[in-house]
Amino acid sequence: MNLKKFVPILTIAATAFFCVPDLKGNAPKSDRFDELRLRRCESGQFSRDILASESDVIVAAGRMSSFTVEKIADGVYALVRKEPASLWFNPNNVIIIGEKDVIVVDSNISSEYTREVLAELKKLTNKPVKYVINTHWHEDHVIGNRVYRDAFPDVQFIGHRSTLTDLPTTGAANRKGSVENGRGLIELLKKQIEKGQDLAGQEITEEARAGYKSDIVLVSSYLSESPKFEIILPNVIVDDLIELRQETRRVEVRFLGKAHTAADLVVYLPKEKIAITGDLIVHPVPLIGSTSYPLEYGATLRKLKALDARKLVPGHGPVLRNTAYLDHMIDLTDAIKIEVEAAAARGETLDQMRKSVDLEKFRKLFAGDSKHKSFVFRNYVTLPAVAAAYRGLHHQKGVEAK
Ligand SMILES: [Zn+2]
């Protein structure tokens, strides 16, 4: 089965939260079918890194919740998504409760999901939300903002300065593509499930089947919101660092450098030694997509590591209690930079680099024996990251990439 014939439909996933411009900013090229975006799955080979104790995890009783609630410090709760890995995303959220008010990190792919988060928040506290921090401008992290604006008229939205330009431009273009192609993606995934085949035309695994089912739910929710989309831009702008106070608690909102986007904010609680990383970290397969900066990514992750956090809350995936996974991501992003720079020094074109840059050992590291995760790695790391690094090199040289 030739995957390329699904290009028009599958670019939905690529365009949902990332721009997929070609080198001249035109529409996605046909070979970008592979730039699907996946997010976390239930567990990976790094599960040993995840040391949450049973008592830390409060599963909302009496109803089906789409996340687990994990208390990671006094007054600090991580809402960790349950959706399995697949083509669409919904991010973790963190609720930080102070004496008088509340800070929330990230909203969701649709208001429906954010209303669920808000209902959980109201079980934890009756204090108002004062700040919503959007870790970056990808839509799955911002669409639910309106729920907080409607519930708390004085709420302020915190984002990196580049969000002001990227969200109304690249973000709007992505959203248009997602809306146009969403119904087609749903039908395609349903058809593959019925046929018992994955998107590569091979026998579908349970892991892929669960992922596709989850996608259908997420896309449906997104499409149901689409007629009333309202994107809320940040009104508190971060360039490098701002510090918020909750009486005795300090909450630092830091920009450590470009990586997953040019807007990645890390929320760091120095006393509690918690870092909320947005999509700088995505588990179990990283997301180094079309709007990423692979040449800077490793250096940014080193700054994140230097914060010496004891708990890392990724954009997608479980709370991490050590830096093993972060170290693997540093090794991966370093390797991409070194290999792409070496290929460029040999004068290779992008197509040549796509063949010569060898990330197979990292595919094994992150995906293990999983066909589904391997598909994710190839489509969400290898292909888009090499292309993004290639573009970055040309920008560095001040030469328009060809
Ligand atoms: Zn993202």
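**Exercise 1. The two sides of helix H9**

Task: In this predicted model, find which residues of H9 (residues 360–367) are exposed and which are buried.

Solution:
- Begin with the exposed side of H9, where you will find Glu360 and Lys361.
- Now turn to the buried residues of H9: these are Phe362, Phe366 and Ala367.
- Look down the axis of H9: the buried residues fall within an arc of 110°, so they line one face of the helix.
- Next, see what this face meets. The buried residues of H9 pack against helix H7 (324–345) and helix H10 (371–396).
- Finally, step just past the end of H9, where glycine 368 has a positive phi of about 60°.

**Exercise 2. Laying out the sheet**

Task: Work out the strand order of the five-stranded open sheet, and say which strands stand at its edges.

Solution:
- Reading across the sheet, the order is E9-E10-E11-E12-E13, and the pairing is mixed.
- E9 (241–246) and E13 each have a single partner strand, so one side of each is left without a neighbour in the sheet.
- For the twist, ignore strand direction: neighbouring strands are turned by 25° against each other on average.

**Exercise 3. Strand E12 and its two partners**

Task: How does E12 pair with E11, and how with E13?

Solution:
- Take E11 (residues 265–269) to begin with: three bridges join E11 to E12 in the antiparallel sense. Valine 267 lies opposite isoleucine 276 of E12.
- Check the hairpin between these strands. Four residues separate E11 from E12, and lysine 273 has a positive phi near 55°.
- Move on to E13 (residues 311–316), which runs parallel to E12 and is joined to E12 by five bridges. Isoleucine 276 has valine 313 as its bridge partner in E13, while glycine 278 is partnered by proline 314.
- Follow the chain from E12 to E13: the path goes through helix H6 (residues 294–306), giving a right-handed β-α-β crossover.
- Place H6 against the sheet. H6 touches E11 and E12, and its direction makes about 160° with that of E12.
- To finish, ask how covered E12 is: nine of the nine residues in this strand (274–282) are buried.

**Exercise 4. Weighing the confidence**

Task: What is the average pLDDT of the chain, and where is the pLDDT below 50?

Solution:
- The chain averages a pLDDT of 84, with 83% of the residues scoring at least 70.
- The stretch below 50 is residues 1–63; in the model this stretch has 146 contacts beyond near neighbours in sequence.

Note on methods: Residues numbered from 1 in each chain as written. Predicted model: local features only at pLDDT ≥ 70, side-chain atom pairs only at ≥ 80, totals over all residues. Buried ≥ 20, exposed ≤ 12 C-beta atoms within 10 Å, placed from the backbone. Pairing = 2+ DSSP bridges. Right-handed = clockwise from strand over helix to strand, strands pointing away. pLDDT = per-residue confidence, 0-100. Contact = placed C-beta atoms within 7 Å. Axes fitted to C-alpha atoms, helices over the stretch in contact; angles between N-to-C directions. Arc of directions from axis to C-beta.
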